[in-house]
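Me: Take a close look at one part of this model for me, please. I'd like the strand pairing, step by step, and then whatever sits against it.

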Amino acid sequence: MVKDTPDNINDTETKSENQAPRATEVNEETVRKIAEHYRAIIELIGEDTDREGLLKTPVRAAKALVYATQGYRKNVSEIVNGAVFSHEGSRMIIVRDIEFYSFCEHHILPFFGTISIGYIPDGKIIGLSKVARIVDMFARRLQVQERLTEQVCSELRDILSAKGVIAHCTGQHLCMKMRGVEKQQSVTTTTDYNGIFATDPALRQEFYASL
Ligand SMILES: [Zn+2]
């Protein structure tokens, strides 16, 4: 386990802007402070925080928020943890329909969906569950779907030195469904790719055809 000393926090910041901006440690004190803010918010919307059903809500909500934003406190090397293996093939590898749950950074309301990832290896492949954990690392933050798609794509390219990575993401945004325009059926899709996928439309077609 790598501890978040001030030294490697700085190191992390210079390595990649995909990393969490700050390796903020969450302890009981942080949960208590977040709960205090939730209590104030619940009062401000006109509720009675002493009502039985709400007594423990601030602390529960604080813990849920900490859990749902744990991506800020993850780092790629701990996640990958050596699960990169040599591989001679050069055919596309696709991991389809990885579920994710995230918060839109504009409204702090959930958005969720699936992301499918394809890559062309260049001597290295990664454990499949690690791909899902990398998606979680970027999803469990305040996000926009466009950036989530891009970050997963470019991080995988960095880790694998792959010839190219492509990602296709489909998301449903509660900020679209339960407020604002109230479009319950709307679905947002985002795509990103790099490397050989940028120069070879046939490879992009092969990926989309398999979705
Ligand atoms: Zn939103």
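Reply: First, a bit of bookkeeping: two strands count as paired here if DSSP finds at least two bridges between them. Also keep in mind that this is a predicted model.

With that in hand, here's the overall layout. Five strands make up an open sheet, and reading across it you get β5-β2-β3-β6-β7, with mixed pairing. The edge positions go to β5 and β7 (188–193). Each of those has a single partner strand, so one side of each is left without a neighbour in the sheet.

Let's start at the β5 edge. Strand β5 covers residues 142–143, and it is joined to β2 by two bridges, running parallel. That count just reaches the cut-off of at least two bridges. If you want to find the spot in your viewer, look for F103, which stands opposite L142 in β5.

Next comes the pairing of β2 with β3. Strand β2 takes in residues 93–104 and strand β3 residues 110–120, and they pair in the antiparallel sense over nine bridges. So what does the register look like? I93 faces Y119 of β3, while I94 has G118 of β3 across from it. Further along β2, Y101 stands opposite F112 in β3. The two strands form a hairpin with five residues between them. In that hairpin, I108 is the residue to click on, as its phi is positive, near 50°.

Step across once more and you reach β6, residues 164–173. Ten bridges tie β3 to β6, and the two strands run antiparallel. Here I120 is set opposite G164 in β6. Putting the pairings side by side shows where the mix comes from: β2 runs parallel to β5 but antiparallel to β3.

Now for what sits against the sheet. Helix α6 packs on it, touching β2, β3, β5, β6 and β7. The direction of α6 makes about 155° with that of β6.

Helix α6 also has a helix for company. The axes of α5 (residues 128–139) and α6 (residues 145–160) come within 10 Å and cross at roughly 135°. That angle makes α5 oblique to α6, because the roughly antiparallel label needs an angle over 145 degrees and the roughly perpendicular one stops at 115. The crossing of α5 past α6 is right-handed. On the α5 side, the contact uses I134, V135, F138 and A139; on the α6 side, the partners are L148, Q151, V152, E155 and L156. By type, the residues of this contact come out as seven nonpolar, one polar and one charged.

Why would those numbers be spaced like that? An α-helix has 3.6 residues a turn, so residues three or four places apart point the same way. Try it with L148, V152 and L156, all three among the α6 residues in the contact.

So, to pull it together: the open sheet runs from β5 at one edge to β7 at the other, α6 packs on that sheet, and α5 crosses α6 obliquely.

Definitions and conventions: Residues numbered from 1 in each chain as written. Predicted model: local features only at pLDDT ≥ 70, side-chain atom pairs only at ≥ 80, totals over all residues. Helix = DSSP H or I, 4+ residues; strand = E, 2+ residues; numbered from the N terminus. Axes fitted to C-alpha atoms, helices over the stretch in contact; angles between N-to-C directions. Parallel < 35°, antiparallel > 145°, perpendicular 65-115°, else oblique. Left-handed = near helix turned anticlockwise from the far one by under 90°. Contact = placed C-beta atoms within 7 Å. Nonpolar A, V, L, I, M, F, W, Y, C, P; charged D, E, K, R; others polar.
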